[in-house]
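Student: Could you walk me through how to read empty space and ring packing in a model like this one?

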Amino acid sequence: MEDARRQARRRVPKMFYDFVDSGSWTGSTYADNEAAFAALKFRQRIGKNVDRVTSATTILGDEAALPLAVAPTGLAGFVWPDAEILGARAAHRFGVPYSLSIGSVCSLEEVRKHTDGPLWMQVSLLKDTDFLQNLLRRAKDACCEALILTMDYHVAGRRHCDARNGLALPPRRSPRQMLDLLSSPGWCLAMLRTSNRGFGNVIGHAKGVTDLASFAKWHADQFVLDIDWDQVKRLKEAWGGCLIVKGVLDAEDALLAIDAGADALSISNQGGRQLDGAPAAVQVLPSIADVAGGKAELLLDGGVRSGQDIVRACALGASGVLAGRAWLYGVAAGGEDGVYRVLQILREEMRSTMAFCGVRKVSEIGPHVLYSPTPARSKYA
């Protein structure tokens with residue numbers, strides 16, 4: 001994974017690489033997401049039958065090769081041209097769901113045209129209700145299996161890297177930005193070959209939005225601030241299918257989301273890109289699992305960089321994870337094959353870790369695979 005990250009950094013313009021690989025404010029929550037995973041140690045077991053270890057499982061009732069879905073990531077098609085299409089094809093070839101962001105560069109219809117695998121659509125509560133209702137209809141027409149409602153993005157995080165790099169809407173065309181783009185010739189050539197250079201889910205679909213400039217005006221005042229859970233209930237009713245509420249970091253909010261109709265919860269702090277100083281996602285997972293266990297599936301989103309992290313998340317109550325930066329490193333490093341290779345690495349690491357912990361199936365992973373300084377009681381005690 002680190003090799004993919006380094007290669008992505010070499011191939012992508014700085015403004016777009018930093019957009020992916022940084023957090024808000026001081027970046028403390030971004031760093032804590034990874035550190036909290038690393039602090040969880042495994043309980044190594046021996047003398048166990050670990051023949052035929054498998055990472056296969058089910059997510060939201062559907063079979064998956066790995067307890068993972070590709071997370072929705074905005075601007076992916078600027079990180080690498082046609083990234084959403086390449087990522088979806090790789091995910092479906094591998095056997096895991098792909099989630100498309102409302103802020104994607106390639107449109108929902110364009111992605112669906114290139115793959116028939118499991119597709120999830122991410123939305124937010126918007127003031128333009130006509131556009132939102134139309135997007136729900138488009139998601140149904142594209143046979144999306146689930147809707148992800150992001151609840152922690154209505155206020156923008158303070159991302160100093162983006163401000164320093166001049167990443168803005170509409171794009172700035174200063175000599176500094178042009179030099180940054182030209183420093184990545186492979187990216188430039190790939191961008192010249194594609195026609196996907198806007199926000200395809202919105203441009204041409206929202207009233208009056210025809211280009212990046214009009215998109216910027218539309219986007220600036222779209223997010224609803226007077227939020228209540230009745231709005232979530234109405235969205236669930238309008239959608240009628242599986243609803244994942246994303247951005248849950250509190251046990252009380254988890255119960256409110258389930259009461260509003262959520263079928264699954266994404267335990268997420270937006271990868272440390274929103275509220276700096278928020279806890280790591282994996283730190284709050286046990287408390288949410290305690291109150292939500294059995295009432296909704298839990299998907300851990302934030303800091304997943306290895307197959308070992310997937311095992312850790314499952315041990316603490318998650319049925320799977322959402323991985324964002326990992327697939328972006330892969331697509332920037334090697335396109336569709338890069339994403340596929342990243343998923344292979346995650347599976348290989350997960351299977352190896354499961355074998356060391358003495359389990360063969362995802363359903364066998366539990367708190368017992370994590371090390372505790374208090375010895376477990378056994379018949380040999």
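Tutor: We'll go through cavities, a pocket, aromatic pairs and one acidic residue in turn. Keep in mind that this is a predicted model.

Student: Let's start with the enclosed space. How many cavities of 30 Å³ or more does the structure hold?

Tutor: The general idea goes like this: rolling a probe the size of a water molecule over the atoms shows where empty space is left. Here, there are two cavities of 30 Å³ or more. The largest has a volume of about 60 Å³, and the second largest comes to about 40 Å³.

Student: Which residues line the largest cavity?

Tutor: S124, L125, T150, M151, Y153, H154, F223, V224 and I227. By class, that lining has six nonpolar and three polar residues, with no charged ones.

Student: And which residues line the second largest cavity?

Tutor: You'll find A8, V12, Y17, V20, V79, L328, Y329 and A332 around it. The lining divides into eight nonpolar residues, no polar and no charged. Helices α2 and α16 each supply at least two of the lining residues, and α16 gives the largest share, with three.

Student: Now the open space. What is the volume of the second largest pocket?

Tutor: About 410 Å³. Its lining has 22 residues, and the closest to the pocket centre are M151, D152, H154, G247 and L275. M151 and H154 also turn up in the lining of the largest cavity. Strand β7, residues 242–248, contributes the largest share of the pocket lining, four residues. By class, the pocket lining splits into 12 nonpolar, six polar and four charged residues.

Student: On to the rings. How many aromatic pairs are there?

Tutor: The idea is to look at two things, the distance between ring centres and the angle between ring planes. The count here is nine aromatic pairs. Take F94 and Y340: their rings sit 5.6 Å centre to centre with 75 degrees between the planes, an edge-to-face pair. F94 belongs to helix α5 (residues 83–94) and Y340 to helix α16 (residues 325–356), so this pair ties together parts that are 246 residues apart in sequence.

Student: Is F94 buried or exposed?

Tutor: F94 is buried, because its relative accessible area is 6%, and the cut-off for buried is under 20%.

Student: Why is the pair of F131 and W218 called edge-to-face?

Tutor: The F131 and W218 planes stand at 75 degrees, with ring centres 5.2 Å apart, so the pair counts as edge-to-face. This pair also links distant parts of the chain: F131 is in helix α7 (residues 129–141) and W218 in helix α11 (residues 212–220), 87 residues apart. F131 is buried at 2% relative accessible area, and W218 is buried at 11%. Follow the ring pairs further and you get a cluster of F16, F78, F131, W187, F199, F215 and W218.

Student: Last one, a charged side chain. Where does D18 lie, and which side chain does D18 join in a polar contact?

Tutor: With a residue like this, check its element, then its burial, then its partners. D18 lies in helix α2 (residues 14–20). Its relative accessible area is 10%, so D18 is buried. A polar contact of 2.6 Å joins the side chains of D18 and K14. Leaving out residues up to four places away in sequence, D18 touches C161, D162 and N165.

Notes: Residues numbered from 1 in each chain as written. Predicted model: local features only at pLDDT ≥ 70, side-chain atom pairs only at ≥ 80, totals over all residues. Heavy atoms only, no water. 1 Å grid on protein atoms, 1.4 Å probe; cavity = no way out; pocket = protein on both sides within 12 Å on 5 of 7 lines; lining within 4 Å. Points joined across faces, edges and corners; volume = space filled by probe spheres on them. Nonpolar A, V, L, I, M, F, W, Y, C, P; charged D, E, K, R; others polar. Buried < 20%, exposed > 50% of the residue type's maximum accessible area, 1.4 Å probe, protein only. Polar contact = N/O pair within 3.5 Å; in protein donor to acceptor, adjacent residues only side chain to side chain. Contact = heavy atoms within 4.5 Å. Phe/Tyr/Trp six-rings, centres within 6.5 Å; stacked < 30°, edge-to-face > 60°.
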